[in-house]
Structures are given as C-alpha cells and as structure tokens.
Amino acid sequence: MKVKFNISGAAVLLLATLSASFAAKFPAGYTLCPKNDEKCLFERIGATFAKHAAGIPEISLVSVDPLKIQKMDIVQGGDGPINIVLNFKDVDLTGLSQSVIKKASGFTANPTKMELSIQAPVTSLVGAYKINGKVLVLPIQGDGRSNMTMENNHIQMKWIGKLVDRNGKKYYQMDKLKATFDTTRFHMHFTNLFNGDKALGDNMNVFLNENWQDILKELKPAIVNAFVEIFQTVISNVFNKVPYDELFQ
C-alpha cells in the first residue's frame with residue numbers, strides 16, 4: 001500500500017489534534033494547554049477544528065478541511081467476496097472541521113501511550129479514482145471521479161512511543177500507531193464506470209450502495225491500513241520537528 005499526501009495540510013490536522021506548536025507563532029488569543037490537562041485539550045482541539053479549518057497563516061500551514069491527499073491505494077485481495085485494486089489521486093478529505101473530540105489522553109510529562117478519538121458527522125473522500133476487480137462476484141472497472149462519504153464517522157487512534165534526546169532537547173518518537181473507525185452509513189459514487197457505459201455504471205452504483213454494509217465489512221481493514229499510514233507519517237513528521245515540551249505551556 002502506498003499513500004502520499006500534502007504534508008502541510010496534514011500537519012495542520014495533527015497540530016490541531018495536539019493543540020500545539022510554537023506559542024509565539026499562533027494567532028493572538030490562542031492558548032496552549034498544560035500537560036495532563038485533558039479538559040483544556042478537549043476545548044483547544046475542538047476550537048482549532050472549528051475556528052482554524054482554513055489554516056493558520058501565522059505558521060504557514062494550509063487547510064484542514066479539505067485535507068489534501070495526493071495518492072492513496074486500497075487493495076483488497078484473496079479469495080473473498082471482494083477483490084479490488086482502488087487507486088485514488090488528488091483527493092480531498094472533507095468534514096473534519098465539524099469533528100467533536102471524544103477522548104484525548106496520554107499527553108503527559110513522560111508520554112508513552114497516547115489516544116485520540118473524534119466523531120465527525122459527515123466525512124467525504126472526493127477526487128480521481130481508478131478501480132479494477134470484483135465486488136460480491138460482480139466485475140467492476142472504471143477511471144473517473146469518485147465520492148465516498150461516511151456518516152457519523154468515529155475515528156479512534158492509539159499510538160505508543162517514548163521521549164528521545166536530540167541536540168539537547170527531548171522529542172517524542174512514535175513507534176507504532178493503530179486506528180479503527182465506525183460509521184452508520186457508507187455512500188459510494190463512481191463516474192465513468194465500464195468505460196462510460198451509463199446503464200452499467202448506474203446499476204453498479206445502485207448495487208454498491210444497496211450492499212454497502214457487506215462491502216464496508218470487507219474493505220475496512222484496507223481502509224484502516226491506509227489511514228494508519230497517513231496518520232503515522234503525519235504524527236512522526238510533527239513530533240520529529242517540534243520538541244515535546246514546546247507543544248504545551
């Protein structure tokens with residue numbers, strides 16, 4: 001699996017998640033949190049998603065909504081009911097600005113395990129796609145524009161790591177991240193299926209949405225793996241650049 005994304009846009013998401021960066025460069029009135037203050041973290045993370053979704057110019061970071069992903073592949077193989085290669089290119093993940101923080105823990109003076117849980121009313125992945133394979137015994141093939149939308153999307157991320165010394169300062173080194181997500185509805189729409197055959201394409205889109213639960217059940221591990229690769233790269237990138245103590249008051 002290969003995932004490439006806009007580092008600047010993704011860094012905004014992580015910095016919003018951590019409510020952290022260099023305090024002097026944040027907008028006037030932006031308050032960082034003390035370590036261990038989960039109430040403050042809840043408030044600052046939520047406020048960042050809501051008020052700074054378009055980005056934070058003071059630190060040259062771009063929009064969190066949309067979050068731009070240059071390339072993402074979802075590959076589901078084997079002998080199961082779904083066997084596809086689904087390639088996304090230049091897609092936007094939207095909806096994160098409406099996220100509600102459910103849990104933020106582990107941001108302590110000596111961090112090891114950390115956890116972040118968010119609830120997003122609607123998230124959509126929109127952009128160019130290419131697909132080939134079979135879905136529930138039916139062949140599928142196409143190359144065009146896609147929209148994959150999830151309602152009541154709950155995303156939970158847990159990771160482990162440790163503080164390491166570098167150039168006289170302590171940085172948080174993440175070793176492993178795990179993620180899960182759940183949704184109450186998964187919508188799919190693909191244009192230009194079957195080389196533009198409208199009848200076949202329309203019927204396939206109807207079929208996909210009528211069987212979304214079975215499809216999502218099969219695709220979820222591959223989707224989670226894609227999210228893990230994105231978020232692990234994002235989190236490591238920020239932690240490697242910003243000393244841990246400077247993420248807080």
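**Group meeting: strands, rings and three single residues**

Let me start with one pairing: Ser 146 has Phe 190, in strand S8, as its bridge partner. I'll come back to Phe 190 shortly. Before that, note that what you have on screen is a predicted model.

First, the strands on either side of that bridge. Strand S6 covers residues 138-166, and six bridges join it to S8, with the two running antiparallel. S8 itself is residues 185-190. One face of S8 is covered, and that face carries Phe 186, Met 188 and Phe 190. The other face is uncovered and carries Arg 185, His 187 and His 189.

Now the overall layout. The protein has four helices and eight strands. In sequence order the pattern is β-α-α-β-β-β-β-β-β-β-α-α. There are 249 residues, and 49% of them are buried. If you take the contacts with a separation of 6 or more, 71% are between residues 24 or more positions apart. The exposed surface comes to about 11800 Å², and 53% of that is supplied by carbon and sulfur atoms.

On to the rings. How many aromatic pairs does the structure hold? There are four. The one I want to show is Tyr 129 with Phe 190: the ring centres are 4.9 Å apart and the planes are at 65°, so this pair is edge-to-face. The cut-off behind that label is an angle over 60 degrees. The pair links distant parts of the chain, since Tyr 129 is in strand S5, residues 113-135, while Phe 190 is in strand S8, 61 residues away. Are these two residues buried or exposed? Both Tyr 129 and Phe 190 are buried.

Elsewhere, Tyr 172, Tyr 244 and Phe 248 make up one aromatic cluster.

Two rings also have a charge over them. Arg 166 places its charged end over the ring of Tyr 171, 3.8 Å from the centre. Lys 220 lies over the face of Phe 181, and there the distance to the ring centre is 5.3 Å.

Phe 181 comes up again with the next residue, Asn 153. Asn 153 is in strand S6. Its relative accessibility is 1%, so it counts as buried; the limit for that is under 20%. What does Asn 153 contact, leaving aside neighbours within four places in sequence? One group is Ile 118, Gln 119, Ala 120, Pro 121 and Thr 123. The rest of the list is Phe 181, Asp 182 and Thr 183.

Next, the strands earlier in the chain. S2 is residues 67-76 and S3 is residues 82-94; nine bridges join them, and they run antiparallel. Within that pairing, Leu 67 stands opposite Leu 93 in S3. S2 and S3 form a hairpin with five residues between them, and Gly 78 in the turn has a positive phi of about 90°.

Gly 77 is also in the loop between S2 and S3. With a relative accessible area of 42%, Gly 77 is partly exposed. Not counting residues up to four places away in sequence, Gly 77 touches Ile 82 and Asn 83. Gly 133 is 56 residues from Gly 77 in sequence, and the C-alpha to C-alpha distance is 9.1 Å.

S3 also pairs with S5, in the antiparallel sense, over 11 bridges. Here Leu 86 stands opposite Ile 131 in S5.

The third single residue is Ala 128, which also lies in strand S5. At 24% relative accessibility, Ala 128 counts as partly exposed. Which residues does Ala 128 touch, not counting those up to four places away in sequence? They are Asn 87, Phe 88, Lys 89, Asp 90 and Val 91, together with Gly 144 and Arg 145. For Gly 144, the separation from Ala 128 is 16 residues in sequence and 5.6 Å in space, C-alpha to C-alpha.

Last, one helix. H2 runs over residues 38-51, which is 14 residues. From its first C-alpha to its last it reaches 20 Å, close to the 20 Å expected at 1.5 Å a residue. The buried residues in H2 are Cys 40, Leu 41, Arg 44, Ile 45, Ala 47, Thr 48 and Phe 49. Note that Arg 44 is on that list.

To go back to where I began: Phe 190 is the bridge partner of Ser 146, is on the covered face of S8, and has its ring paired edge-to-face with that of Tyr 129.

Terms used
Residues are numbered from 1 along each chain as its sequence is written. This is a predicted model: local features need pLDDT of at least 70, side-chain atom pairs count only at pLDDT 80 or more; totals for chains, interfaces and linings use all residues. Side-chain values use heavy atoms; hydrogens and water are left out. Buried means under 20% relative accessible area, exposed over 50%, partly exposed in between (1.4 Å probe, protein chains only). Two strands pair if DSSP finds at least two bridges between them. The expected span of a helix is 1.5 Å times one less than its number of residues. Rings of Phe, Tyr and Trp (its six-membered ring) pair if their centres lie within 6.5 Å; planes under 30 degrees apart count as stacked, over 60 as edge-to-face and the rest as tilted. A charge sits over a ring if NZ of Lys or CZ of Arg is within 6 Å of the ring centre and within 35 degrees of the ring normal. Contact means heavy atoms within 4.5 Å. Accessible areas come from the Shrake-Rupley method with a 1.4 Å probe; for residues, only the protein chains shown count as cover.
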